[in-house]
Amino acid sequence: MRKQLLENMGRRIKMAREMRGMSLESLSKAMSPSVTKQAISKYEKGMAVPGSSVVLALSNALNVTVDYFFRQHTVSIGKVAFNKKSSLNAIDAKAVSEMVRDHVERYLEALQATGVKIPAIGEMWPKSVGDERAIVSMVKELKQAWNIGDYALGNVIEILEQHGIIVIEIDNSNGFDGLSGWVDDIYPIIVLNRSLNYESKRLTALHELGHILISVEHDARKIEKLCNLFAGEMLISDERLIDILGGKVKGIFINELENVRDSYGISIDALLFKMKRLGIISKSAFRAYQQKKSNDEELRARVEQSSKAKAETSHKFVNMVCRALSLDAISSSKAASLLNISMVDLRALFTPLAES
């Protein structure tokens, strides 16, 4: 029992440190009272148990609850593999991997408690595609399979979660927008930067969905292009955009594009790129727009203005924990542990309107 406790606590200290992108030395310096990096290394290896004052110092330095270090998982995952990590250095990539590992383990525990199963994304995916026509066909097939029709999409994150994708939002300021991949080669995941605005988060989420559903048979540049096309087609189809704007136009009217942006949740830049590709505007008109946007601060601010004050987010995990708590499938302390919050915060979050 003691050995298991030591190993579990050591694993969780190391996980929390790597989630914060901290070295043993930087963690040592961040702790008060100070603890040597050699001592922290022993804790992580399960060779020693930190005292209560050290646990509190670790909690403060790593920005996790004290309970975090004692949490026992009934579900454990192994490999976290991303489709791409080009925008992240080794430390940031490791930090994101550990954040994903921690979140998915808690997510699966909540699923286990409620008896809910993650739906499979289907045997038809991933699919081999090679050009624009194939992407358009693929999106039609996907929308039909997911029964979402060729209309403006609602909450994209909720749609992904309803169809077997685990979506995780994290705080990251290192220029990373999104990542996608698999956990244990079983669970598809999409990781999003929480700070993205409404349109950017929707486009990024669907771009990463493209990485999951499109088989890798091309070089990285071609795959990125196909995923961009996929995301744009998911938000508004070529056919629907042509119906709204008509055929080729001579000028670009921002008021009209703002109406499409507000209705479909797609940025004006993404719309103009799509219009250029479809021949609705000429390449020279697109270049002229880009130059004007670069030189006109007022235009740039208007174009980059989001249609929503708040970006989409996911409530599924919190709702699952709430459901498990209401069914007495888990205790309050377990709920707090799964959400990685204190009991005080849990009581503020879960205030039942009535009890039977």
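Guide: A charge counts as sitting over a ring if NZ of Lys or CZ of Arg is within 6 Å of the ring centre and within 35 degrees of the ring normal. The model here is predicted, so local features need pLDDT of at least 70 and side-chain atom pairs pLDDT 80 or more, while totals for chains, interfaces and linings use all residues. Residues are numbered from 1 along each chain as its sequence is written, and side-chain values use heavy atoms, leaving out hydrogens and water.

Visitor: OK, which residue lies over the face of Tyr198?

Guide: Look straight above the Tyr198 ring, 5.6 Å from its centre. What lies over that face is Lys308.

Visitor: How far apart are the end C-alpha atoms of helix 6?

Guide: Helix 6 covers residues 132–145, which is 14 residues (helices are DSSP runs of H or I, at least four residues, numbered from the N terminus). At 1.5 Å a residue (times one less than the residue count), the expected span is 20 Å. The model agrees with that, since the end C-alpha atoms are apart by 20 Å.

Visitor: Within what arc do the buried residues of helix 6 fall?

Guide: Ile135, Val136, Met138, Val139, Leu142 and Lys143 are the buried ones (under 20% relative accessible area with a 1.4 Å probe, protein chains only; exposed is over 50%, partly exposed in between). Down the helix axis they line one face, because their directions (axis to C-beta atoms) fall within an arc of 160°.

Visitor: And which residues of helix 6 are exposed on the other side?

Guide: The buried residues of helix 6 pack against helix 8, helix 9 and helix 10 (contact being heavy atoms within 4.5 Å). Over on the other side, the exposed ones are Arg133, Lys140 and Gln144.

Visitor: How many residues apart in sequence are the parts tied together by Tyr107 and Phe317?

Guide: Tyr107 and Phe317 are stacked, 6.1 Å centre to centre with 20° between the planes (Phe, Tyr or Trp rings, the six-membered one for Trp, pair with centres within 6.5 Å; under 30 degrees is stacked, over 60 edge-to-face, the rest tilted). Tyr107 is buried at 2% relative accessible area, and Phe317 is buried at 9%. Tyr107 sits in helix 5 and Phe317 in helix 15, so the parts they tie together are apart by 210 residues.

Visitor: What is the angle between the planes of Phe286 and Tyr289?

Guide: Phe286 and Tyr289 are 3 residues apart in helix 13, so about one helical turn separates them. Phe286 and Tyr289 are both buried. Their rings are 6.4 Å centre to centre and form a tilted pair, with the planes at 40°.

Definitions and conventions
Helix = DSSP H or I, 4+ residues; strand = E, 2+ residues; numbered from the N terminus.
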